[in-house]
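Biologist: I'm new to this one, so could you pick a single part and take me through it slowly? The disulfide would be a good place to start, and then whatever helps me get my bearings around it.

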Amino acid sequence: MPSQAELKKRRVKAGKEQIRQEVVIDRRDRRRRLLVGGFVGLLGLALIAPLVGGIFLAGEDEVLPVESTAPEIPLDTTPPALIDEAFAGASLTGPTPCPATDGTQERTTSFETAPEGCIDPALAYSAEIQTPLGEIAFDLDAAAAPLASNLFVSFSRYGVYENAEIFTFEEIGLIVVGGFGDAGFQVEPIEAPADGVYPIGSVVMLTELGGGMTGQVAIVADEVGAEALATDGTSPIIGTVTSGLDVIPDFEAAAPTTFRSIGSTVTEAAG
């Protein structure tokens, strides 16, 4: 399986053979591969493929011309990002300080380094993700997954999840918040559940195969989603939904409509 760096390199080069493969691959299989084979690279190719759907390979080097009156559309070689450019906030260079906890932090969505030690695993944290279809609340398990929880809390306080895309993968039982890219860095995934089990209602910080955590948050909607995550087994569980699980069927019913998160909040209390 190609590494994340290799997938991004291929996306930039827009290799003809890769594009041909994406055109002919069944959509459902592509979604399953998206989960267990690396979110960023495969979705990036899926977005490129419709732009060049008229290209088919007769051999390794020969290309069959396709008559078309449509104007040529240049390939987008911009690396994928967690937040769409049109909805991006400020950029931060150098070390990433811990964000303000009182709601006054400037919204920032691009970083060079990961924030360090912005939570106390001994404390209790709860969170809410506000969506157009309702709020999803959950309790964080900072003690079990401190790195992943720190990433979520920091991103929430920086406003990263404000206007973040919400993807509904009803065929694999997941609701995902955040685009299939990164915010400028990755965090090594070393906090996978020891038993490899992802119960329904788990809130997960997704990891890429062979890569790290880039900020996408997934909510396990059903047993299909639980089994899909267990196939890879590297994504940490950062919490459990306490309310709002009932809005997930509304997202699934609206698929393939893409929604945007209104925002997220984190509450800290003594453990």
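Modeller: Here is a walk through the disulfide, followed by a helix, some aromatic rings and a word on confidence. Keep in mind that this is a predicted model.

The structure has one disulfide, and it joins C98 to C118, with the two sulfur atoms 2.1 Å apart. Turn the view to look along the S-S bond of C98 and C118: the torsion there is about -95 degrees, so this disulfide is left-handed. As for where the two cysteines sit, C98 is in the loop between β3 (90–91) and β4 (108–110), while C118 is in the loop between β4 and β5 (124–131), so the bond ties together parts that are 20 residues apart in sequence. Their surroundings are worth a look too. C98 is partly exposed, at 40% relative accessible area, whereas C118 counts as buried, at 13%.

Now swing over to helix α5, which covers residues 146–158. You can check its length yourself: at 1.5 Å a residue, its 13 residues should span 18 Å, and its end C-alpha atoms are indeed 18 Å apart, which agrees. The helix is mostly covered, with 11 of its 13 residues buried. Among those buried residues are L151, F152, V153, F155 and Y158. Right after α5 comes G159, and its phi is positive, near 80 degrees.

Some of those names come back when you look at the rings. F152, F155 and Y158 belong to one aromatic cluster, along with F111, F138, Y161 and F185. Counting rings whose centres lie within 6.5 Å as a pair, the model has 11 aromatic pairs. Take F167 and F169: their ring centres are 6.2 Å apart and their planes meet at 20 degrees, so the pair is stacked. Both F167 and F169 are buried. Elsewhere, a charged side chain joins in: R260 lies over the face of F87, at 3.8 Å from the ring centre.

Finally, how far should you lean on all this? The mean pLDDT of the chain is 79, with 69% of the residues reaching 70 or more. Of the chain's elements, β3 has the highest mean pLDDT, at 98, and helix α2 (residues 16–24) the lowest, at 34. That strand β3 is one of the two that flank the loop holding C98. Over residues 7–60, pLDDT stays under 50, and the model has 85 contacts beyond four places in sequence for that stretch.

Note on methods. Residues are numbered from 1 along each chain as its sequence is written. Side-chain values use heavy atoms; hydrogens and water are left out. Rings of Phe, Tyr and Trp (its six-membered ring) pair if their centres lie within 6.5 Å; planes under 30 degrees apart count as stacked, over 60 as edge-to-face and the rest as tilted. Buried means under 20% relative accessible area, exposed over 50%, partly exposed in between (1.4 Å probe, protein chains only). A charge sits over a ring if NZ of Lys or CZ of Arg is within 6 Å of the ring centre and within 35 degrees of the ring normal. Helices (H or I, at least four residues) and strands (E, at least two) are DSSP runs, numbered from the N terminus. The expected span of a helix is 1.5 Å times one less than its number of residues. A disulfide is a pair of cysteine sulfur atoms within 2.5 Å. pLDDT is the predictor's confidence in each residue, from 0 to 100. Contact means heavy atoms within 4.5 Å.
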